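Please walk through this structure with attention to how its side chains pair and pack. The aromatic rings come before the helices and the charged groups.

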Amino acid sequence: MTLRRAVSAPDAAAAADVWLTSFAAALPTVVSPRSADEVHGYFRDVLVPLRETWVADAGAEGGIVGVMVLHDDELSQLYLRPDWRGRGIGDRFVALAKERSPGGLSLWTFQVNKPAHRFYERHGFVAVEYTDGSGNEEQEPDVQYVWRP
């Protein structure tokens, strides 16, 4: 398993596929405001060229199986293919994010995503703000977490 920067249109397409699969599996009650084509365009035109987008590449065994995006001190879009969860990939992504942003990190996750809460709290993140969701595209209540060294 290699964590590496996403650099190409095929990386962007594979990362978008991971996002779509994982979002549907982890958040079945949250309605995505974007179509699959829009998600692919966002990864291709915004995230990969303009953000620090990382992928977990399993090579011949599975291709791109995870994605994480960093921008300044914000961690976002940490998603793994459901069949690759529980293998330490998320832990490696968070360690990389902390290494890349040693002064601290922040992130948002949905309030209904209790497994994400447990995961981030296990990595030292603390919930600092809960909202009613009026500030996100999904209009879904969310929570902001921060990590400070």
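Trp19, Phe23, Tyr79 and Phe110 form one aromatic cluster. Here rings of Phe, Tyr and Trp (its six-membered ring) pair if their centres lie within 6.5 Å, and planes under 30 degrees apart count as stacked, over 60 as edge-to-face and the rest as tilted. The model is a predicted one, in which local features need pLDDT of at least 70 and side-chain atom pairs count only at pLDDT 80 or more, while totals for chains, interfaces and linings use all residues. Residues are numbered from 1 along each chain as its sequence is written, and side-chain values use heavy atoms, with hydrogens and water left out.

A pair of aromatic rings is described by the distance of the centres and the angle of the planes. Searching the whole structure gives 7 aromatic pairs. One of them joins Phe23 and Phe110 edge-to-face, with 6.5 Å centre to centre and 85 degrees between the planes. This pair links distant parts of the chain, since Phe23 belongs to helix H1 and Phe110 to strand E5 (residues 105-110), 87 residues apart. Helices (H or I, at least four residues) and strands (E, at least two) are DSSP runs, numbered from the N terminus. Phe23 is buried because its relative accessible area is 5%, and Phe110 is buried because its relative accessible area is 10%. The classes are buried for under 20% relative accessible area, exposed for over 50%, and partly exposed in between (1.4 Å probe, protein chains only). Phe119 and Tyr120 make another edge-to-face aromatic pair, at 5.1 Å centre to centre and 75 degrees between the planes. Both Phe119 and Tyr120 are buried.

Helix H2 is the next element to follow. The 15 residues of H2 should span 21 Å at 1.5 Å a residue, and its end C-alpha atoms are 20 Å apart, which agrees. That expected span is 1.5 Å times one less than the number of residues. H2 nevertheless bends by about 35 degrees at Phe43, where the bend is the angle between axes fitted to the seven residues ending there and the seven starting there. An α-helix has 3.6 residues a turn, so residues three or four places apart point the same way. The buried residues in H2 are Val39, His40, Gly41, Phe43, Leu47 and Val48. Their cover includes helix H1 (9-26) and strands E2 (52-57), E3 (64-71) and E4 (74-80).

Within helix H2 (residues 36-50), Leu47 is worth a closer look. Leu47 counts as buried because its relative accessibility is 2%. Not counting residues up to four places away in sequence, Leu47 touches Tyr42, Thr53, Val69 and Gln77, a contact being heavy atoms within 4.5 Å. From Leu47 to Ala6 the C-alpha to C-alpha distance is 9.2 Å, with their positions 41 residues apart in sequence.

The charged side chains come next. Side chains of opposite charge can pair when their charged atoms come close. A salt bridge is a side-chain nitrogen of Lys or Arg within 4 Å of a carboxyl oxygen of Asp or Glu, and the count by this rule is 8. Glu137 bridges to Arg34, the closest N and O atoms being 2.9 Å apart. Glu137 lies in the loop between strand E6 (126-130) and strand E7 (142-147) and Arg34 in the loop between H1 and H2, so this bridge ties together parts 103 residues apart in sequence. Glu137 is partly exposed, with a relative accessible area of 47%, and Arg34 is partly exposed at 28% relative accessibility.

Arg122 and Asp91 meet in a salt bridge at 3.1 Å, N to O. This pair also links distant parts of the chain, with Arg122 in helix H4 (residues 114-122) and Asp91 in helix H3, 31 residues apart. Arg122 is exposed at a relative accessible area of 56%, whereas Asp91 is partly exposed at 32%. Elsewhere, Arg4, Asp11 and Asp57 are linked in a network of salt bridges.

Which side chain of opposite charge is nearest to Lys98? Lys98, in helix H3 (residues 89-100), is buried yet has no salt bridge, and the nearest such side chain is Asp91, 9.2 Å away. For charge, Lys and Arg count as positive and Asp and Glu as negative, with His and the chain ends not counted. Beyond four places in sequence, Lys98 touches Leu105, His123, Phe125 and Trp147.
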